[in-house]
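Let's take a walk through this one together, beginning with charge and finishing with the cysteines. Have the viewer open as you read.

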Amino acid sequence: MIEIRWHARGGQGAVTASKILASSAIRERKYAQSAPDYGAERAGAPLRSFNRVSEEPITLHCMVLRPNIVVVVDPTLLKTVPIFEGTDENAVIVVNTDKTPSELREYLGVKGRKIYTVNASAIAMEELKKPLMNIPMLGAISKVIDALVSIESVEEDIKVTFGKKISQELLDANLRALERAYKEVKGE
Amino acid sequence: MAVRLMTERKVVPYTGNMATAEALRQINPDVVAAYPITPQTEIMHFFANYVANGLVDTEFMTVESEHSALSAAVGAAAAGARAMTATAGPGLALMWEILGVASGMRLPIVIPVVNRALSAPINIHCDHSDMMGARDQGCIMLFSENAEEQYDNVIQAVRIAEDERVRLPVIIGMDGFIISHSIENVSLLTDDEVKKFVGKQTLTHSLLDIDNPVTHGPIAMADSYMEFKRQQREAMMNAYKVIREAGEEFAELKGKKYEHIETYKTEDAEYILIVMGSAAGTAKYTVDGLREKGEKVGLIKVRTFRPFPYYDVVDVIDASNVKAIGVMDRAETFGGYSGPLFEEVCTSLYTRGKIYPITGIVYGLGGRDCNLNHIEEAFDVVKRKAAGMDVPPVTYLNLRV
């Protein structure tokens, strides 16, 4: 079982991304959960969302305590919330930042763990013209963790989730953002 | 005629609210009355979409309060309609008066509830205070562990409520946010399968049957009131059997068996926890972990809270090697010895002459997380009780100190 914790701010689409991730995994006949940690919902407030993905049925119904993957959607959260809480040396950290993985490691002063970075803010502004970093972050994590979900399933789910709600132009922009982050994510 | 959407069985990524709305669509009730309250509102958002798109034949009534929502369902059900509503927490509290009207008039209204804490302080998150507050209003009560169980239970509830041996409202609870707003795998039946399973309601004393005029809900003075109540008690006892029958028939259809209780590794268990709702899933995982360490622990999940399956619970405890029992309540009974589930289990044991060390555990009020560590703590309390150590009547789990 892979457990994921998302750190974002209200309005950045992290809850939607977490739902798309679970849906994509279930599409691939895996078992998955997406559970947002609902608090006082307001734009800009730090929030968390959780995912579990497994080959076996999942009976757990509680917050993720020891995440295998931590996704940081908003770089301003790096030093304001405990992003490493519950992680061990093998954890994978995927961060939206303009820093390289080694620069970020130095900035955070952290040893061990695999660190991946992608400039999701830049991708979002260029492709979507809005700071919606959720879809690029999905692209990044589907690249980083092979066993999680394939990018094709994620694409399929984005089409289902957004298909009727947004224009073809915007849908294409989202798919480009997903694809770019998938290609541009770097790790060490 | 409602449009058929689900022509083959599917496993879908659904939240508890989506699963409930899908069940409502497939049941295609005659009347649904709706009033919004978090975290239930979504159910009616989804269902209103089905109505707007012509996928159901339902008369959808948006009313001005939960009191009115259930009142509208009472009127519709008395006329002979298959009527439903849904609510959560304080909404169920506001329905309280009419819950007794619905059960006293023997109206088979199906009410999915998203379990939410009661005010004050205001809290939108999960606990079972809402349904426990409505405990004695004569409704059948089922608790679901996850989204798929809520879907399955809502479908079975129609059959249970409308059975002529029963004819009582059924409340089906799922944990607010934890289940209602979390996506997981849900296996759906086809529209035709659900339609066939719920069947058509046999009209009984319909208000609209002008050839055989009847009065519903009149006054009953001291000379007849008790006979009505006695009949309700009998209907509730009959429900014990009917719920089991519906569960068996559902198992033939879907392959998943629903009983009054579910047991998990209790056969040789020395320490047993009894729990309802989503925490049962977390507890199963914890039991597996502790078993790997050689600890003889087990779990009883109570699905039917009303009528309470006292024989089932005691039979399972009696067949185990239990040294002590912990009963986990997600609701308070201020001034009582422990929570409402605790009291039911104690009564069940005592009346069968079975006395075991037993302790009350209160957890998860207002959405407080109940994770693996907390379930382990609960087992630790039970072990202390078994060892004859001093344990308070109620232990609060995950309490800030």
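Count up the charged side chains in chain A and you get 26 positive and 25 negative ones. The centres of those two sets sit 3 Å apart. Bear in mind that this is a predicted model, so every value here is computed from it.

On to the surface. Chain A exposes about 8,500 Å², and 50% of that comes from carbon and sulfur atoms. As for the inside, 54% of the 188 residues in chain A count as buried.

What about the fold itself? Chain A has 6 helices and 7 strands, and following the sequence you meet them as β-α-β-β-β-β-α-β-α-α-α-α-β. Among contacts in chain A with a separation of 6 or more, 65% link residues 24 or more positions apart. The C-alpha trace spans about 45 × 40 × 35 Å along its principal axes. A compact globule of 188 residues would have a radius of gyration near 16 Å, and chain A comes in at 15 Å, so the two agree.

Now the cysteines. A disulfide is a covalent bond between the sulfur atoms of two cysteines. Searching the whole structure turns up 0 of them over all chains. Why does B:Cys139 not have one? Its closest cysteine sulfur, in B:Cys126, is 19 Å away, which is too far for a bond. B:Cys139 is also buried, at 0% relative accessible area. B:Cys346 has a similar story: the closest cysteine sulfur belongs to B:Cys370, and at 20 Å that is too far for a bond. B:Cys346 counts as partly exposed, with 24% relative accessibility.

Conventions: Residues are numbered from 1 along each chain as its sequence is written. Chains are lettered from A and ligands numbered from 1 in the order in which they are written. This is a predicted model: local features need pLDDT of at least 70, side-chain atom pairs count only at pLDDT 80 or more; totals for chains, interfaces and linings use all residues. Side-chain values use heavy atoms; hydrogens and water are left out. Helices (H or I, at least four residues) and strands (E, at least two) are DSSP runs, numbered from the N terminus. The radius of gyration is taken over C-alpha atoms; the globule rule is 2.2 Å times the number of residues to the power 0.38. Buried means under 20% relative accessible area, exposed over 50%, partly exposed in between (1.4 Å probe, protein chains only). Contact means heavy atoms within 4.5 Å. Accessible areas come from the Shrake-Rupley method with a 1.4 Å probe; for residues, only the protein chains shown count as cover. Lys and Arg count as positive and Asp and Glu as negative; His and the chain ends are not counted. The place of a charge is taken as NZ of Lys, CZ of Arg, CG of Asp or CD of Glu. A disulfide is a pair of cysteine sulfur atoms within 2.5 Å.
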